Each structure stands twice: as structure tokens, then as C-alpha cells.
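Biologist: Could you take me through the salt bridges in this model, and then show me how one pair of helices packs together? I would like the cut-offs along the way, please.

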Amino acid sequence: MMRELEYPFDNHFILSKKRAIKRKLLAEDVSRIRKKIAILGGYTTNDIKNCMELFLLNQGIEPEFYESEYNQYYQDAMFGNPVLDAFEPDIIYVCTSIRNIKRFPLITDDCAAVASLLDSQMTEFVGVWENLAKKYKCPIIQNNMELPFFRLMGNQDAADIHGRVNFVTRLNLKFYEYAQAHENFYICDINYISADYGLKEWSDPFYWHMYKYAVNMNAVPYLAFQVANMIKSMFGKNKKGLVLDLDNTLWGGVVGEDGVDNIVLGQEEPLGQVYSEFQEYIKFHKDMGIILAVDSKNEETNALAGLNHVDSLLKPDDFVQIMANWDTKERNFTKIAEEINILPESLVFVDDNPAERHIVREQLHGVSAPEIGEPHQYIQNIDRSGYFEVTRLCADDANRNAMYRENQKRKAYEASFTDYHTYLISLKMRAAIRPFASVYMARIAQLTNKSNQFNLTTRRYTQAEIEAAAADDTYITRYGKLVDKFGNNGVVSVVIGHLIEGACHIDLWIMSCRVLKREMEYAMMDELVNACKSKEIGKIIGYYYPTKKNGMVRDFYAQMGFRKVCSDKDGNTKWEFEIPLNYQNKTDVIEVER
């Protein structure tokens, strides 16, 4: 990843060096997913598109764009456009602003007239969204409205129904209600982004009248960065965890030198309050499903003493792994990733020491180590980096830290066995393997976009595509949940098969790395065979497309009993499985609830 494209970034550098940055990114030997993004603009959007491309490339997504003509978002949505139809977008971004509100209340309007005006404006946008959703069946990102750059009524503009501030606020609330009621519809919060940037600068009228930009040119990278964050979140490019230093990061001082009673933490002094607030912020992430780990040059006893400090909000049990020793930070970081079976680049390194951050970045490709600044700046700099941008929260997210801790218990338990098969039986595993259900659609879509190591075809699906497959009789869809004596792993595997001319072609087969080597893949195979038999399908065809991350499943089909029928110079392979009449289940260690 290019450090220049991570927050805090130099917007002037990005704007002036766009082409050079793009060339450098495309020259990198990295694997990226390709996505088609349609930008339907209510104002000039060319530079927004160009900056979005840089951020997306840096986040592992190679975009192809459709860009509407100037202020043609409504026409494209409502009256159709053959070019947009042929483009077949994966995501649509409706880039509008307060400049696209047709009319604001007049001082002479009564309550009914203002309400009618508000409903009319909302109806227009709802028409855009529903036409797009119906026609293109893909996620839609919609800007809300920034506040007006002037207040005719002064402070009363917010409270009086005739005020523009009041009108925009009420319209935004309607946008949010719509988003809450419609999946695959997302709000890009330029109301907040513009305030954070500085509304006076953001809405500088010069750029509107000179270039028809509703946003200050210098603010364009900030807007593009936010939209790119939303898109990478939808396609599983979010980070999954925080690896945290301790001394002068989670508390002030060095616990091994100052003693646990003298570290700076708590409400007694201003700096202690700063560290307490930061700990609270980190703990919020745990509640949201973000993995927490410690990587500290410390004696373990001192590290644990600091975390057990009476004023510490973060306790040892909040972390899935605590590496406190005198080994190098990058080695401990790698061990943490290995222990929890996660790719290092999925974790963010947070350390107050710039030298340690530099070493980790240089030694571990793809790992982010943000410039966090002074203690009072830690929250703002991490928060604005967008590592954990939320598009949908699933029930499994809140339990993720517990799931990883349960996995550690399983590893310790496994060590007490000399026979692995006996160990698997002792886990008393139960699986629920069923067709896609609406209650799990968000989690299924999330899993298809997160699993990298066990992903045979590297396909990525939006929730809309998942729902479409579930509703189509020419597809076999199955999700798998796994429970054992240590706890519930949640939805851990997904299979999508496309029925074509008497054969089931596997479009997608993924599994969470949390349950590797537990024979869940065998249980999924058994259920896929049963589903095929019920539809009188006698053959299953599988595909393996190699990436730098999924080498572990190169021989998966061979293990399942498939026969390789062809391969190409890039390592792509095709496999066939003729379903025998006397097919025998491949696992006897998992009880499957059908």
C-alpha cells in the first residue's frame, strides 16, 4: 500500500500527481478485484472519479468507471441510458449536493407548503433510487446534503421551518429512514465530511461558479477517500483487527520503569483522561467485532499489570493475543497473525513510536501503521483512516473476539490428543447447512467478500447478487453454521452452484479460516451432493483460480474426489465429479442438521 494514500494524506500532492501515482500503483505486483462503478453526478465529478481510482487501487480494487454527463443523474436514472445499461455497474454512486435541491422554503410558505416541498424533493430522490435498484440490482451510494453556506435567518435558520438549515436537516433525516428500511442502499455522509473539512472552505462558491464543482477542489480527495472506503468495505477489503503497543499508546509512561502505580491513566489528570478516552474508543471497536491484540516490548508480567490497572478500561480478556516480550515488533506481529490464522495485512499496527511503525511497514507488506500523532490526536487519526468502515453489521461481528478466543481453547484442547480424528469427534460438532435465508444474507455477502485463503474461484458478491442467486431456481445455494463444545462459530462456509445442462457448476466455494481442518468442507460437499441428487443432477464441475492468497486450496477438489479435466498456463484448473449412486458421506465427525 502507498503511504501517501493513507490518512492523513497530502491532498495537494494527490491532485497534482494523480497520473504518476496511478502509474506507480498499476506497476505493483498485486492481485486486485475488478469492479464497475457508475458515478451519476449532480455536478462536475471528473476529479472525484480520478481520486477514487487511486484510493481504490491502493485498497485492492481495480475500478472501471461510467461517468454521467454533467448534472444528468436524474435523466440517467429515470429515462435510461443505453451506455449505462451496457456498462452493467457493480455499484452506483449518486454524487449530489445541496446545489441539486430544486427549491427551498420561502418566508411566505406556511407549514403545509414546506411539508409539501420536502415531500416533493424526497419523492424525486426515491424515484431515482428505486429505478436504479430495480434496473441494475446493485448497491447504491447516495450523498446526503451538506449544510448551506449561508444562513439567511442566522441561528434561527436551524429551528424555523423556513430556514435552509432546517430544511436540509429534515431532508437528511428522510434519507436516513430510507437507508434503514432498504438494504443495499448506503449514505455517504458529506454532511459530516464537510463539517470536518470546514464548511466555509468546502462550499466555497468560487468552485461552483467557475467549474460547477459543488465542493472545493482541494477537498475532492477527502470526498473520494470516503466513497472509496465504503466501496472497499462492501467488497471485503476492510481491516479486521488492531495490534496495539502499550507504553505511551494505551497509557502514559513505561510500566516496566515507572511501575504500574505511576503510569498515566484515569481521571486524575488531563493526560490520563486522554488515554482513558482512547482506551474507551478501542473497546468500542471490540464491541463492533474488531479483533484486538497486543504487541509490546515488555515483560509479560508488567504488561498484564498495566492492563489490570484499576483505571484501565481494556483488560487482558479483551485481547485475543498478548505478545509482550523483547522480540522485534514485526516478528511478534507475524506471530499474532499466525496464531489467530489471519493475514498480516488484515491487521492495523498502532504504536506511538515512529521508528517501530516504519519497521513494521517496511517488513510486512500491506500492513497499515498510521501516523497517530500526539495522544490527544490518536482517536481522530485512526478514526478518519476508514480501516473499519461499516456498511452492514451482522450478529456474528459482535461475537468475533469471543470466537477467536474459543479457537485458542480448541488449540490447547487439541494438544491433549494423540489422534486427530478422536479429537474432532470429541468436539461434538453440529452443523446447520441450508439454502440461503434472508436472516443471514448480510453475513453471507460479508463472508464472500472476506475469505481469501479458502476461496476457490475468488468471486466476490454483493448482497443484491446473493439475494438474486437465492431466488433463482437454476442455482443451488448453501450456507453452513458450525457449533461445538466450545461455542458457536456462526456462518463459516458458503457454496453457490449454477445448474447448466444437467451439471452443477460451482461459482463459489468459501470457508472461514477459523474452522480449517475441522471437516466442515466435507460436510458442505455431502450436502451439495444431496442437493444435486434431489434435482437429478449427476455431475458437479468445480473451478480453481489461483491467487497469491488461496494456494492452500490448490488440491482441494482432488481431496474431494474430483477429476482434473483441464488447466492453463496461469494455473486455472477445471474439475469434474460424477456423483455415484452409492455416494458415501465424507465426514463422520460432524452431525448435520437438515
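Modeller: Happy to; the salt bridges come before the helix pair. This is a predicted model, in which local features need pLDDT of at least 70 and side-chain atom pairs count only at pLDDT 80 or more, while totals for chains, interfaces and linings use all residues. Residues are numbered from 1 along each chain as its sequence is written, and side-chain values use heavy atoms, with hydrogens and water left out.

Side chains of opposite charge can pair when their charged atoms come close. The structure holds 30 salt bridges, each being a side-chain nitrogen of Lys or Arg within 4 Å of a carboxyl oxygen of Asp or Glu. One of them joins Glu593 to Arg430, at 3.8 Å from N to O. Glu593 sits in strand S17 (residues 590–593) and Arg430 in strand S10 (residues 429–434), so this pair ties together parts that are 163 residues apart in sequence. Strands here are DSSP runs of E with at least two residues, and helices are runs of H or I with at least four, numbered from the N terminus. Glu593 is partly exposed at 33% relative accessibility, and Arg430 is partly exposed at 34%. For these words, buried means under 20% relative accessible area, exposed over 50%, and partly exposed in between, with a 1.4 Å probe and protein chains only.

Another salt bridge links Lys335 with Asp327, at 3.3 Å from N to O; Lys335 is partly exposed, at 35% relative accessibility. Asp570 and Lys569 pair as well, at 3.6 Å from N to O. Asp570 is exposed, with a relative accessible area of 51%, and Lys569 is exposed too, at 79%. Elsewhere, Lys539, Arg563, Glu576 and Glu578 belong to one network, joined by salt bridges that share partners.

Now for the helices. The axes of H21 (residues 441–450) and H22 (residues 463–471) come within 9 Å and cross at roughly 115°; axes are lines fitted to C-alpha atoms over the stretch in contact, and angles run from 0 to 180 degrees between N-to-C directions. That makes H21 roughly perpendicular to H22, a label for angles of 65 to 115 degrees. On the H21 side, the contact (heavy atoms within 4.5 Å) is made by Met441, Ala442, Ile444, Ala445 and Thr448, and on the H22 side by Gln463, Ile466, Glu467 and Ala470. These contact residues divide into six nonpolar, two polar and one charged, where Ala, Val, Leu, Ile, Met, Phe, Trp, Tyr, Cys and Pro count as nonpolar, Asp, Glu, Lys and Arg as charged, and the others, Gly among them, as polar.

Definitions and conventions. Angles under 35 degrees count as roughly parallel, over 145 as roughly antiparallel, 65 to 115 as roughly perpendicular and the rest as oblique.
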